[in-house]
Amino acid sequence: MTFTDLNELKADLEKNYQSFPLVEKPTDIIHGEGNEEASVMLIGEAPGYYESIERRPFVGRSGQLLRRVIGECGLPEEQVYISNIVKARPPDNRDPLPEEILAFKPYLDAEINLIKPKLIVTLGRFSMDKFLPEVKVSEVHGRLFKIKWNEQTLFILPMYHPAAALRATRVKESFIRDFSKIAKIVEWVEKASEGDEFAETVKEALI
Ligand code: URA
């Protein structure tokens, strides 16, 4: 599935709204937000109550924490794009089901192909599973991975989900610490993209 830009992708999602689980009307779809030229793409789980009302990703309590931490980590706003693995709210904010993740997958993949982020930050285990199915967030958060995905090389930085950070002080401290490394990591990754040898060095340095 390919689109010329994000507007075309969003219009197509809404036009086909009836084919998606969790969606009864086009406005139930919460699109990704940010600059198509962003170098960092953050991928969360699914919108919650406030996101479904405001029709923006990450605007509830966990979103406020996330946006505050992004603001403090030295990344300019126009460098960040925020999306979700599932683009409509699961009832009672339950975990997304595998078939829901699968239904939105072609659109998330198309979003990644359009933005071509230098770095993908996964928030929580559902988005991490898309790229790194065999690891645990608690063991790898804040470490950089270089992977092959659909013939592309991607840099993935798994992070805790901000909702988990709100539930436990220790997790919140790790979440904030991991984010504080992002600007530096983006700088490294930009250089790493210029040559594989350097990329390996970066990987070694961070893992
Ligand atoms: N949690 C998510 O994973 N995504 C949102 O947009 C809001 C909360």
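Me: Before I look at how helices pack, what do the angles run between, and what are the axes fitted to?

Reply: Axes are lines fitted to C-alpha atoms, for helices over the stretch in contact, and the angles run from 0 to 180 degrees between N-to-C directions. Keep in mind that this is a predicted model. Here, helix H1 (residues 6–15) packs with H4 at an angle of about 170°, and their axes are 10 Å apart.

Me: How do I turn that angle into a word, and which residues of H1 and H4 make the contact?

Reply: Angles over 145 degrees count as roughly antiparallel, and H1 and H4 are therefore roughly antiparallel to each other. On the H1 side, the contact is made by Leu-6, Leu-9, Asp-12 and Leu-13. H4 brings Phe-104, Tyr-107, Ala-110, Glu-111, Leu-114 and Ile-115.

Me: Some of those are aromatic. Which residues form one aromatic cluster?

Reply: Phe-104 and Tyr-107 join Phe-3 and Phe-20 in one aromatic cluster. A search of the whole structure gives 6 aromatic pairs.

Me: Now the sheet, please. In what order do the strands come?

Reply: Strands of a sheet pair through backbone hydrogen bonds, either parallel or antiparallel. In this model, 6 strands form an open sheet with mixed pairing, and the order is S1-S3-S2-S4-S6-S5. Its edge strands are S1 (33–34) and S5 (145–149), each pairing on one side only.

Me: Do S4 and S6 run parallel or antiparallel, and what about S5 and S6: parallel or antiparallel?

Reply: S4 (residues 119–123) and S6 (residues 152–159) run parallel and are joined by 4 bridges. Within that pairing, Val-121 stands opposite Leu-157 in S6. S5 and S6 run antiparallel, with 5 bridges between them. There, Lys-146 has Phe-155 of S6 as its bridge partner. The hairpin of S5 and S6 has 2 residues between the strands, and Asn-150 takes a positive phi near 45° in this hairpin. Although S5 is an edge strand, 4 of its 5 residues are buried.

Me: Which helices lie across the strands?

Reply: Helix H3 (residues 61–72) lies across S1, S2 (40–44), S3 (80–84) and S4, running at about 160° to S3. Helix H4 (residues 98–115) lies across S2, S3, S4, S5 and S6, at about 165° to S2.

Me: Which residues of the largest nonpolar core touch the most other members?

Reply: This core has 62 residues, and those touching the most other members are Leu-42, Val-121, Leu-123, Phe-131, Phe-175 and Phe-179. H4 gives the most to the core, with 7 residues. Take Leu-42 as a case: beyond four places in sequence, its contacts include Leu-66, Ile-70, Val-121, Leu-123 and Phe-179.

Me: Let's try single residues. Is Val-59 buried or exposed?

Reply: Buried means under 20% relative accessible area. Val-59 has 11% relative accessibility, so it counts as buried. This residue is found in the loop between helix H2 (49–54) and H3. Not counting residues up to four places away in sequence, Val-59 touches Tyr-50, Glu-51, Glu-54, Gln-64 and Arg-67.

Me: And what does Ser-62 contact?

Reply: Ser-62 is found in helix H3 and is buried, with a relative accessible area of 15%. Leaving aside neighbours within four places in sequence, Ser-62 is in contact with His-161, Pro-162, Ala-163 and Leu-166.

Conventions. Residues numbered from 1 in each chain as written. Predicted model: local features only at pLDDT ≥ 70, side-chain atom pairs only at ≥ 80, totals over all residues. Heavy atoms only, no water. Pairing = 2+ DSSP bridges. Contact = heavy atoms within 4.5 Å. Phe/Tyr/Trp six-rings, centres within 6.5 Å; stacked < 30°, edge-to-face > 60°. Core = buried A, V, L, I, M, F, W, Y, C linked by side-chain atoms within 4.5 Å. Buried < 20%, exposed > 50% of the residue type's maximum accessible area, 1.4 Å probe, protein only. Parallel < 35°, antiparallel > 145°, perpendicular 65-115°, else oblique.
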